[in-house]
Amino acid sequence: MAHGFGDDQRWTLGRVKTLIGKLFHIGYTIEGVGKLLRRHGWSVEVAARRALERDEQAIATWEQEVWPAVKPLRRTWAPLDGRAPPG
């Protein structure tokens, strides 16, 4: 949050690249940032457990009430009106 990434706490290569540019006025590519971090012993970290703040009831409610309304429709290969596809 101190570096302007308040929406979430993940440090992506793109964010590290941006921060290096802001702090040191040096331009790196995304691939270069990855190599630089690995060279200095940094590795990808994945959470070993779920967050303590996770609200299972709120998630279940969202999945039942909100997700069906925003979920995109699945496309099928068959036309809806019964005609053969063009071509």
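Which helix gives the most to the lining of the largest pocket? In this predicted model, the answer is H2, with 4 residues in that lining. The paragraphs below set out the fold, the two helices concerned, the loop between them and the pocket.

The protein chain contains 4 helices and 0 strands. Along the sequence, the pattern reads α-α-α-α. Burial was computed over the 87 residues of the protein chain, and 11% of them count as buried.

Helix H1 covers residues 13–24 and helix H2 covers residues 30–39. The length of H1 was checked against its residue count. With 12 residues at 1.5 Å a residue, H1 should span 16 Å. The end C-alpha atoms of H1 are 16 Å apart, so the model agrees with the expected span. The buried residues of H1 are Arg-15, Val-16, Leu-19 and Ile-20. These four cover an arc of only 135° around the axis, and therefore sit on the same side of H1. H2 is included in what covers them.

Gly-14 also belongs to H1. Is Gly-14 buried or partly exposed? Its relative accessibility is 29%; because buried means under 20%, Gly-14 counts as partly exposed. Gly-14 and Gly-34 are 20 residues apart along the chain. Their C-alpha atoms are separated by 9.6 Å.

Gly-34 is one of the buried residues of H2. The others in that set are Gly-32, Val-33 and Leu-36. The buried residues of H2 pack against H1. The contact thus appears from both helices: H2 helps cover the buried residues of H1, and H1 is what the buried residues of H2 pack against.

Positive phi values follow both helices. Just after H1, His-25 takes a positive phi of about 55°. His-25 is a residue other than glycine. It is found in the loop between H1 and H2. Is His-25 buried or exposed? The relative accessible area of His-25 is 71%; the cut-off for exposed is over 50%, so His-25 is exposed. Just after H2, Gly-41 takes a positive phi of about 90°.

The largest pocket has a volume of about 640 Å³. Its lining consists of 15 residues. Which of them lie nearest the centre of the pocket? They are Trp-11, Leu-37, Trp-42, Ser-43 and Val-44. Leu-37 falls within the range of H2, residues 30–39. H1 and H2 each supply at least two residues of the lining. H2, with 4 residues, gives the most. By class, the lining divides into 8 nonpolar, 4 polar and 3 charged residues.

Taken together, H1 and H2 recur in the packing and in the pocket. The buried residues of H2 pack against H1, and both helices contribute to the lining of the largest pocket. The loop between H1 and H2 holds His-25, which is exposed.

Terms used
Residues numbered from 1 in each chain as written. Predicted model: local features only at pLDDT ≥ 70, side-chain atom pairs only at ≥ 80, totals over all residues. Heavy atoms only, no water. 1 Å grid on protein atoms, 1.4 Å probe; cavity = no way out; pocket = protein on both sides within 12 Å on 5 of 7 lines; lining within 4 Å. Points joined across faces, edges and corners; volume = space filled by probe spheres on them. Nonpolar A, V, L, I, M, F, W, Y, C, P; charged D, E, K, R; others polar. Expected span 1.5 Å × (residues − 1). Buried < 20%, exposed > 50% of the residue type's maximum accessible area, 1.4 Å probe, protein only. Arc of directions from axis to C-beta. Contact = heavy atoms within 4.5 Å.
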